[in-house]
Amino acid sequence: MAIVIIGAGIGGLTTALSLHAAGFPDIAVYERAEKLRPLGVGINLLPHAVRELTELGLGERIGKRGVAPGTLAYYNRFGQPIWSEPRGIAAGYRWPQVSVHRGRLQMELLAAVEERLGPGTVRTGHRLLAVEAASAAGVGGPFGAATAGRAGGVARFAAAGGEVAVAAEVIVGADGMQSALRRQWYPGEGEPVWNGLTLWRGTARMPGFLDGRTMIMAGDAGQKFVAYPIGAPDADGNAEINFIAERRTRGFAGENADWNRAVDPQPIIDLFRDWRFPWLDVPALLAAAGEILEYPMVDRDPVDRWTHGHATLLGDAAHPMYPNGSNGASQAILDARTLAFHLATSETAAEGLAAYEAARRPATTALVLSNRRQGPEQVMVLAHERAPRGFAHIHDVLTPDELTEIATGYKKAAGFHPDALNNRPSLTPPGALDNRPSPASPRVPGLVDEGRFRE
């Protein structure tokens, strides 16, 4: 079965690795960027995602690139504690949570793809134009003959040497928030939905705070600050700390969204000038950043269909969500493993795609909507609404049962409650072979059905 993946982000690369591990040999990844670089800032991989990477043989490798937080703690804007809970192994999971730089994670996944599937699996400089049914593709000659009665669709790309057409039995759109494949199917959808919040993100080397392995969130619905380490401390006790500063603003149009736009740090420092807690000086952390990037907080309305013919959506292309709950990358990894499992255990590609969508679309739709209601960060919103000037003790504001219900409910909705995750059957297909090639004999994959032509 020839499979084309559009997009070499976390979702696309994990999909390639998952499909290969499930026994599919003909996989190619097409990426719009001319060169993949380790862009971005810190992200969190929750235990359900770390489980999947571990079962792909990447758990230890990814773990060395980041930090396993032991605690998640919520505070109000005055630094008063609202709720804290253990994370990862300390919370009873069989797998840790990992805080890691997004770009480093992507580069590790890319390296694993090249090692296991061979150099040339990821083909950069290819911008998707359209996906068509094989019968309507209009590609003749050897290209058409080679795929007659076999290919499910044709993906057309713009590349430096002209237009490229690639036939495959399955085409996976993992091309992100601004997915060209999703736009083809939903041309009237428009720009992502902005909720009025702007995020400023960056990293800085600073002495660790609290116990050095805690992820903190402080604030409320109007203004919030998140920080956590993504690297081990050095000999001087300084660690790379990822931060997200968030404020409700006006005038950020969706069409102007730039996910890597650096801004002047001083206005953001001024917004948080009073956020000096005994355990963290927020203005000092912001001032220590080498660069601060500005992002709108956006998502998209869930759609009622991901799969058209033999093509489907995955990751942010399928279900872009607000970052509340630290779940975006983790859900893309779950998508990838679920897709590979169902393609490997179904009689036909169409049945596999249908089973994948049935397993993932309702769950991620619920998660998108939950994140719009702040997800587990509701505890900060409620604390502010009930005690905007602070409190003597959180239980004067929120009962223990309320706090527990919010935290537990989100874990269940997101698929990473400890009991459910620890006891869930593996997404490794029964009888799947270990398709990791030995270093001495890497296999170079190639779709036999690739044609290059000019209009």
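Strands such as E4 and helices such as H12 are DSSP runs, of at least two and at least four residues respectively, numbered from the N terminus. With those labels in place, the empty space inside this predicted model can be laid out.

Four cavities of 30 Å³ or more turn up in the structure. The largest cavity comes to about 140 Å³ and has 20 residues around it, with Leu72, Tyr74, Glu85, Arg87 and Pro376 nearest its centre. Four elements each put at least two residues into this lining: E4, strand E5 (81-86), strand E13 (214-219) and H12. H12 has the largest share, at five residues. Sorted by class, the lining of the largest cavity is 13 nonpolar, three polar and four charged residues.

Next in line is the second largest cavity, at about 50 Å³. Its lining runs through Asn76, Arg77, Phe78, Gly219, Asp220, Met380, Ala383, His384, Ala387, Pro388 and Phe391. Here the largest share belongs to H11, which supplies three residues. The class split for the second largest cavity is six nonpolar, three polar and two charged.

H11 and H12, each the top contributor to one of these linings, also pack against each other. Helix H11 covers residues 378-386 and helix H12 residues 400-414; the angle between them is about 145°, and their axes are 10 Å apart. On the H11 side, the contact is made by Gln378, Val379, Leu382 and Arg386, while H12 brings Glu402, Leu403 and Ile406. That gives the contact four nonpolar residues, one polar and two charged.

H12 shows up again on the open side of things, in the second largest pocket. This pocket has a volume of about 290 Å³. It is lined by 21 residues, and those closest to its centre are Leu334, Arg360, Ala414, Gly415 and Arg424. Helix H9 (328-345), helix H10 (349-372), H12 and helix H13 (418-423) each give at least two residues to the lining, and H10 gives the most, with five. Ten of the lining residues of the second largest pocket are nonpolar, seven are polar and four are charged.

Then there are the aromatics. Ring pairs are described by the distance of the centres and the angle of the planes. Eight aromatic pairs come out of a search of the whole structure. In one of them, Tyr75 and Trp279 have ring centres 4.3 Å apart and planes at 35°, so the pair counts as tilted, falling between the 30 and 60 degree cut-offs. Tyr75 sits in strand E4 (residues 71-75), whereas Trp279 is in the loop between strand E17 (276-277) and strand E18 (280-281), so this pair links parts 204 residues apart in sequence. Both Tyr75 and Trp279 are buried.

Phe272 and Trp275 make another pair, with centres 4.9 Å apart and planes at 70°; the angle is over 60 degrees, so the pair is edge-to-face. Phe272 has a relative accessible area of 0% and Trp275 one of 5%, so both fall under the 20% limit and count as buried. These two pairs belong to one aromatic cluster, formed by Tyr75, Phe225, Phe243, Phe272, Trp275, Phe277 and Trp279. E4 thus has a place in both stories: Tyr75 of the cluster lies in this strand, and E4 also supplies at least two residues to the lining of the largest cavity.

Definitions and conventions. Residues are numbered from 1 along each chain as its sequence is written. This is a predicted model: local features need pLDDT of at least 70, side-chain atom pairs count only at pLDDT 80 or more; totals for chains, interfaces and linings use all residues. Side-chain values use heavy atoms; hydrogens and water are left out. Rings of Phe, Tyr and Trp (its six-membered ring) pair if their centres lie within 6.5 Å; planes under 30 degrees apart count as stacked, over 60 as edge-to-face and the rest as tilted. Buried means under 20% relative accessible area, exposed over 50%, partly exposed in between (1.4 Å probe, protein chains only). Axes are lines fitted to C-alpha atoms, for helices over the stretch in contact, and angles run from 0 to 180 degrees between N-to-C directions. Contact means heavy atoms within 4.5 Å. Ala, Val, Leu, Ile, Met, Phe, Trp, Tyr, Cys and Pro count as nonpolar, Asp, Glu, Lys and Arg as charged, and the others, Gly among them, as polar. On a 1 Å grid over the protein atoms alone, a cavity is a set of points where a 1.4 Å probe fits but cannot get out, and a pocket is an open set with protein on both sides within 12 Å along at least five of seven lines; lining residues have an atom within 4 Å of a point. Grid points are joined across faces, edges and corners, and a volume is the space filled by probe spheres set on the points.
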